[in-house]
Amino acid sequence: MSLADNAVVARSTSAGVLTLVSGNVTTGANTLIVNSSGVVTGASAASFIVGSLRKPVDANGTVARTFEVGTGVSYAPVTVVIPGVGGSKTDGSQFLTASSTAGEHPDIATSTLDPCKDVNRYWTLTKGGNWTFTSYDVSLNFTAGDVDAGAVTGDFRVERFSSGSWTVPVAGTAAAVSTQAKGLTTLGAPIASSAFAVGEPGTGSCP
């Protein structure tokens, strides 16, 4: 299924539940928008969102969101936990948008990751609205097929790219098909958007 325009999952216009069963929803240049009353269920390797998925930041305090995104045959969801949210609204004006892109980040050569021992995809998070936060943790999920041969996933770390430069956040858990970063305090400036890559520490080029 491909979107010809933005699509909204909301109780005001439907049952408020998008149930993914088989096949992907491809957004193209559009965005699948889940509002405060909407829910996405059933995501799996057989059915996920290819493109931009937007979810609300509609509560103060701690907000946790999982974005059921991926590309091709790879389901690569990202989970974001945001403590200390303030200024949130339920009118759809405060949100976070996520996507996953197959292949190396175009600026991987300026990172301190080894592009021959990394995950061949990256994720993007974009903040919408004027809500505030103290920090956030991000968990990036991938498949074994995304990982370069010989890479040791237990040695992986996350690097964040924003405003033309890379930063290395505090490392969380590195597992077989997921890697976590903790305590990030910005999504970027002046545009509140960041890309995230995962791999072994290196020099930005293959040895």
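The following legends describe close-up views of a predicted model.

**Figure 1. Confidence along the predicted chain.** The mean pLDDT of the chain is 93, and 98% of its residues reach 70 or more. Confidence is lowest in strand 1 (residues 7–9), where the mean is 85. It is highest in strand 13 (residues 136–141), at 98.

**Figure 2. Strand 14 and its two pairing partners.** Strand 14 covers residues 157–162, and five of its six residues are buried, so the strand is largely enclosed by the rest of the structure. Strand 14 pairs with strand 18 (residues 193–201) in the antiparallel sense, over five bridges. The pairing of strand 14 with strand 15 (residues 165–167) is also antiparallel and runs over three bridges. Phe161 shows both pairings in a single residue: its bridge partner in strand 18 is Ala195, and its bridge partner in strand 15 is Trp166.

**Figure 3. The hairpin turn at Ser163.** Strand 14 and strand 15 form a hairpin with two residues between them. Ser163 is placed in the loop between these strands. The phi angle of Ser163 is near 55°, a positive value in a residue other than glycine. With a relative accessible area of 56%, Ser163 is exposed, because a residue counts as exposed when this value is over 50%. The view thus joins an exposed turn residue to strand 14, in which five of the six residues are buried.

**Figure 4. Thr179 and its surroundings.** Thr179 lies in strand 17, which spans residues 178–184. Its relative accessibility is 1%, so Thr179 counts as buried; the cut-off for this class is under 20%. When residues up to four places away in sequence are left out, Thr179 touches Val138, Ser139, Leu140, Phe142, Phe156, Arg157, Val158, Thr173, Ala174 and Val198. Phe142 and Phe156, which are included among these contacts, are both buried and appear again in Figure 6.

**Figure 5. The disulfide between Cys116 and Cys206.** The model has one disulfide. It is formed by Cys116 and Cys206, whose sulfur atoms are 1.7 Å apart. The torsion about the S-S bond is about 90°, so the disulfide is right-handed. Cys116 belongs to strand 11 (residues 113–118) and Cys206 to the segment after strand 18, so the pair ties together parts that are 90 residues apart in sequence. Both cysteines are partly exposed: the relative accessible area is 34% for Cys116 and 40% for Cys206.

**Figure 6. Aromatic pairs.** A pair of aromatic rings is described by the distance of the centres and the angle of the planes. The structure holds five aromatic pairs. One of them joins Phe133 and Tyr136, with 5.7 Å from centre to centre and 70° between the planes, an edge-to-face arrangement. Phe133 is buried, at a relative accessible area of 19%. Tyr136 also counts as buried, at 2% relative accessibility. Another aromatic pair is formed by Phe142 and Phe156, whose centres are 6.2 Å apart and whose planes meet at 55°, which is a tilted arrangement. Phe142 and Phe156 both lie in the loop between strand 13 and strand 14, 14 residues apart.

**Figure 7. An aromatic cluster and two charges over rings.** Trp131, Phe133 and Tyr136 form one aromatic cluster. Over the ring of Trp131 sits the charged end of Lys127, 5.0 Å from the ring centre. The view therefore sets a charge beside a cluster that also contains the edge-to-face pair of Phe133 and Tyr136. A second arrangement involves Lys55, which lies over the face of Phe67 at 5.9 Å from the ring centre.

**Figure 8. Gly154 in the loop between strand 13 and strand 14.** Gly154 is found in the loop between strand 13 and strand 14. At 49% relative accessibility, Gly154 counts as partly exposed. The C-alpha atoms of Gly154 and Val34 are separated by 34 Å. Along the chain, these two residues are 120 residues apart.

Note on methods: Residues are numbered from 1 along each chain as its sequence is written. This is a predicted model: local features need pLDDT of at least 70, side-chain atom pairs count only at pLDDT 80 or more; totals for chains, interfaces and linings use all residues. Side-chain values use heavy atoms; hydrogens and water are left out. Helices (H or I, at least four residues) and strands (E, at least two) are DSSP runs, numbered from the N terminus. Buried means under 20% relative accessible area, exposed over 50%, partly exposed in between (1.4 Å probe, protein chains only). Contact means heavy atoms within 4.5 Å. Two strands pair if DSSP finds at least two bridges between them. pLDDT is the predictor's confidence in each residue, from 0 to 100. A disulfide is a pair of cysteine sulfur atoms within 2.5 Å. Rings of Phe, Tyr and Trp (its six-membered ring) pair if their centres lie within 6.5 Å; planes under 30 degrees apart count as stacked, over 60 as edge-to-face and the rest as tilted. A charge sits over a ring if NZ of Lys or CZ of Arg is within 6 Å of the ring centre and within 35 degrees of the ring normal.
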